[in-house]
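Here are some notes for a colleague who is opening this structure for the first time. Please keep the model on screen while reading.

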Amino acid sequence: MFYFFYGSDVDRARARSRAVLDVMKKKRPEAEYFRITSDKYKQTQFEEFISGQGLFDRKFIVFVDGVFEDKAAKDWILSKIKEIGESENAFVFLEKKSDAATKKKVERHSQERSEEHTSELQS
């Protein structure tokens, strides 16, 4: 299962992702929590998060924060989006922006997808 939050109002998108993470942590207190950023992303580790479980069948909660800034990482993750959606582990993605093709792929497999924009009033 996974959730995807993005948009120009990064603070609002981050708040939404944090709220979902908090609920997940309460529902799965035994789950191991990981935060992955673009500088900490490793494909082999991500593969383990998709299919693996911790010791004694413990689940993972994975917060993927800004990893789509790396095009190779984004392409690989999107190629695995179905598996991520079907995983026993939980994923919460937070990105600053998302293109139409990404939105379409994510929409098919995510539990929730939310776009947050700054509402600016012009005088």
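1. Central strand, one side. Please begin with valine 62. This residue stands opposite phenylalanine 91 in β4. The strands concerned are β3, residues 60-65, and β4. They run parallel and are joined by 5 bridges. Bear in mind throughout that this is a predicted model.

2. Central strand, other side. β4 also pairs with β1, which covers residues 2-6. The sense is again parallel, over 5 bridges. Here phenylalanine 4 stands opposite phenylalanine 93 of β4.

3. Cover on β4. How many of the residues of β4 are buried? The strand spans residues 90-95, and 6 of its 6 residues are buried. Both faces are covered. Ala90, Val92 and Leu94 lie on one side. Phe91, Phe93 and Glu95 lie on the other. Note that Glu95 is in the buried set too.

4. Overall layout. The chain has 5 helices and 5 strands. From the N terminus, the order is β-α-β-α-β-α-α-β-α-β. The radius of gyration is 14 Å, close to the 14 Å that the globule rule gives for 123 residues, so the chain is as compact as a globular protein of that length. Along the principal axes, the C-alpha atoms fill a box of roughly 60 × 30 × 25 Å.

5. Burial and contacts in total. Of the 123 residues, 43% count as buried. The accessible surface comes to about 7500 Å². Carbon and sulfur atoms hold 47% of that surface. Now take the contacts with a separation of 6 or more: residues 24 or more positions apart account for 82% of them.

6. The largest nonpolar core. Which residues touch the most other members of this core? They are Phe2, Tyr41, Phe46, Ile77, Ile84, Phe91 and Phe93, out of 22 residues. At least two residues each come from β1, α2 (43-51), β3, α3 (71-79), α4 (81-86) and β4. The most come from α3, which gives 4 residues.

7. Phenylalanine 91 within that core. Leave aside residues up to four places away in sequence. Phenylalanine 91 then touches Met1, Phe2, Tyr3, Phe46, Phe49, Ile50, Val62, Val64 and Ile84. Val62 is thus seen again here as a contact, having stood opposite phenylalanine 91 in the strand pairing.

8. A second core. Another core, of 12 residues, lies apart from the largest one. Its members include Ala13, Met24, Ala31 and Val92. Val92 belongs to β4, on the face with Ala90 and Leu94. Phe91, on the other face of the strand, is a member of the largest core.

9. Leucine 21. This residue is found in helix α1, residues 10-27. Is leucine 21 buried or exposed? Its relative accessibility is 1%, so it counts as buried. Not counting residues up to four places away in sequence, leucine 21 touches Tyr33, Ile61, Phe63 and Val92. For scale, take glutamate 83, which is 62 residues away in sequence. The C-alpha atoms of leucine 21 and glutamate 83 are 20 Å apart.

10. Helix α3. Its buried residues are Ala73, Lys74, Trp76, Ile77 and Leu78. Lysine is on that list, as Lys74. The cover over these residues includes α2, α4, β4 and α5. At the start of α3, look at aspartate 70. One of its side-chain oxygens reaches to within 3.0 Å of the backbone nitrogen of alanine 72.

11. Threonine 102. This residue is found in helix α5. At 2% relative accessibility, under the 20% limit for buried, threonine 102 counts as buried. Its contacts, leaving aside neighbours within four places in sequence, are Phe4, Phe68, Lys74 and Leu78. Lys74 and Leu78 are among the buried residues of α3.

12. Aspartate 99. Where is aspartate 99 found? It is in the loop between β4 and α5 (100-109). At 34% relative accessibility, aspartate 99 counts as partly exposed. Its side chain reaches the backbone nitrogen of alanine 101 at 3.2 Å. Glutamate 112 is 13 residues away along the chain, with 17 Å between the two C-alpha atoms.

Technical notes:
Residues numbered from 1 in each chain as written. Predicted model: local features only at pLDDT ≥ 70, side-chain atom pairs only at ≥ 80, totals over all residues. Heavy atoms only, no water. Buried < 20%, exposed > 50% of the residue type's maximum accessible area, 1.4 Å probe, protein only. Pairing = 2+ DSSP bridges. Polar contact = N/O pair within 3.5 Å; in protein donor to acceptor, adjacent residues only side chain to side chain. Core = buried A, V, L, I, M, F, W, Y, C linked by side-chain atoms within 4.5 Å. Contact = heavy atoms within 4.5 Å. Rg over C-alpha atoms; globule rule 2.2 N^0.38 Å. Areas by Shrake-Rupley, 256 points an atom, 1.4 Å probe, with all protein chains shown as cover.
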